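Trainee: I should like to learn how to read a protein model step by step. May we work through one together?

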Amino acid sequence: MGKVVLEGTPAARSLFDQARELLGYDLADVCLNGPAEKLNSTVVSQPAIFTGGLAALEVLKTTEPTAIDSCVAAAGLSLGEYTALVFAGAMSFADGLKLVKKRGEVMQAAADATPSGMLSIILMERPQVDEVVNAARAEGFIQVANLLCPGNIVLSGDKKACAAAQRIAEEKGARTVALTVAGAFHTPLMKPADEQLARALDAIEIKSPRVPVWSNVDARPHTDPAEIRQLLVRQVLQPVLWEDTLRGLLASGVEQFHEVGPGKVLAGLLKRVDRKIGCKNCIF
């Protein structure tokens, strides 16, 4: 991850220098050299994705400053919401990284307490996915965790329930992908991660963002610091309403998107919602 950005953009490298001081290890070295098992662990991947997204944003500031100046809203999927909040000035990079570090730790701990996982179901719409979920609950807890775009819904739950959902969905003609994550994120199985995150949030300052930041929890724009704080806590346990967020942004008049981060996944999701809308990528 990130070799070109780190070598070519001093401001991006500065973020990783700050991250090294705050985290106590060289995040840039892990991103560049691995090992993959360490980079993919929740406690490292969350700080890496957060810092990498903001590093990519530094590139965008130099290559297309008008994109920053003309921005009217920000949003991020799950962890990306923290990147959006830092971009919008609601919290500092240092505070954001501290929160993301804590978020990764407490979510990992919750995942370790219950063998669980996540499953992406592709080419199946919500009513059929609900049928799969209801059938799979015979094997344990499972629920919809991410509503990403038409035909792409993610489930979270107990390992046995996820395996049952995968079998049932494939029998019905869907494609499935078991996600390489630590546990059942965005479900009640993440208790007590939300309570620990709430205490960490109480210790940092959240300001009114310069542009509205759309929440994963209710797919609506927010500028009130108290609301933002509360929604970040709820986000740990509740489904990510990403398709609704995209549709809300489009309905508000947004005509151009920029995706900053480690890949082009969000651009692909946007195309499934509206093929005519432009999305430029700035990849870390």
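**Reading the fold**

Mentor: Let us begin with the surface. The accessible surface of the chain comes to about 12,500 Å², and carbon and sulfur atoms hold 53% of that area. Please keep in mind that this is a predicted model.

Trainee: What radius of gyration does the chain have, and what would a compact globule have?

Mentor: The C-alpha trace spans about 50 × 45 × 40 Å along its principal axes. For 284 residues, a compact globule would have a radius of gyration near 19 Å. The value of the chain agrees with this, as it is 18 Å.

Trainee: What percentage of the residues of the chain count as buried?

Mentor: A residue counts as buried when its relative accessible area is under 20%. Among the 284 residues of the chain, the share that counts as buried is 54%.

Trainee: How many helices and strands does the chain have, and in what order do the strands of the 5-stranded open sheet stand?

Mentor: The chain has 14 helices and 10 strands. Five of these strands form an open sheet with mixed pairing, in the order S5-S2-S4-S3-S8.

Trainee: Which strands stand at the edges of that sheet?

Mentor: An edge strand has a single partner strand, so one of its sides is left without a neighbour in the sheet. The two strands in this position are S5 (175-178) and S8 (240-241).

Trainee: Which helix packs on this sheet?

Mentor: The helix in question touches strands S2 (116-122), S3, S4 and S5. Its direction makes about 145° with that of S4. It covers residues 159-171 and is helix H10.

Trainee: Which residue of S4 stands opposite cysteine 149?

Mentor: Strands of a sheet pair through backbone hydrogen bonds, in either a parallel or an antiparallel manner. Strand S3 (residues 142-149) and strand S4 (residues 152-158) pair in the antiparallel sense, over 6 bridges. Opposite cysteine 149 stands asparagine 152.

Trainee: Let us turn to strand S9. Which of its side chains point to the buried face?

Mentor: In a regular strand the side chains alternate between the two faces of the sheet. Along S9 (residues 256-261), Gln256, His258 and Val260 point to one face and are not buried. The side chains that point to the other face and are buried belong to Phe257, Glu259 and Gly261.

Trainee: What is the handedness of the β-α-β unit that contains S9?

Mentor: S9 pairs in the parallel sense with strand S10 (residues 278-283), over 6 bridges. Within this pair, glutamate 259 has asparagine 281 as its bridge partner. Together with helix H14 (residues 265-273), the two strands make a β-α-β unit that is right-handed.

Trainee: There is also an open sheet of 3 strands. Which residue in S6 is the bridge partner of alanine 75?

Mentor: The order in this sheet is S1-S6-S7, with mixed pairing. Strands S1 (74-75) and S7 (221-222) stand at the edges, each with a single partner, so one side of each lacks a neighbour in the sheet. S1 and S6 (residues 213-214) run parallel and are joined by 2 bridges. In S6, the bridge partner of alanine 75 is tryptophan 214.

Trainee: How far apart in space are lysine 207 and alanine 90?

Mentor: Lysine 207 lies in the loop between helix H11 (193-202) and S6, and is partly exposed, with a relative accessible area of 44%. Leaving aside residues up to four places away in sequence, lysine 207 touches Gly89, Ala90 and Pro225. Lysine 207 and alanine 90 are 117 residues apart in sequence, yet their C-alpha to C-alpha separation in space is 4.5 Å.

Trainee: Which value has omega for the cis peptide bond from glycine 34 to proline 35?

Mentor: Proline 35 is located in the loop between helix H3 (27-33) and helix H4 (36-40). The peptide bond from glycine 34 to this proline is cis, and its omega is near 5°.

Trainee: Is leucine 123 buried or exposed?

Mentor: Leucine 123 lies in the loop between S2 and helix H9 (126-136). Although it is not a glycine, leucine 123 has a positive phi of about 70°. Its relative accessibility is 57% and the cut-off is over 50%, so leucine 123 counts as exposed.

Technical notes. Residues are numbered from 1 along each chain as its sequence is written. This is a predicted model: local features need pLDDT of at least 70, side-chain atom pairs count only at pLDDT 80 or more; totals for chains, interfaces and linings use all residues. Side-chain values use heavy atoms; hydrogens and water are left out. Two strands pair if DSSP finds at least two bridges between them. Helices (H or I, at least four residues) and strands (E, at least two) are DSSP runs, numbered from the N terminus. Contact means heavy atoms within 4.5 Å. Axes are lines fitted to C-alpha atoms, for helices over the stretch in contact, and angles run from 0 to 180 degrees between N-to-C directions. The radius of gyration is taken over C-alpha atoms; the globule rule is 2.2 Å times the number of residues to the power 0.38. Buried means under 20% relative accessible area, exposed over 50%, partly exposed in between (1.4 Å probe, protein chains only). Accessible areas come from the Shrake-Rupley method with a 1.4 Å probe; for residues, only the protein chains shown count as cover. A crossover is right-handed if, with the strands pointing away from the viewer, the path from the first strand over the helix to the second runs clockwise.
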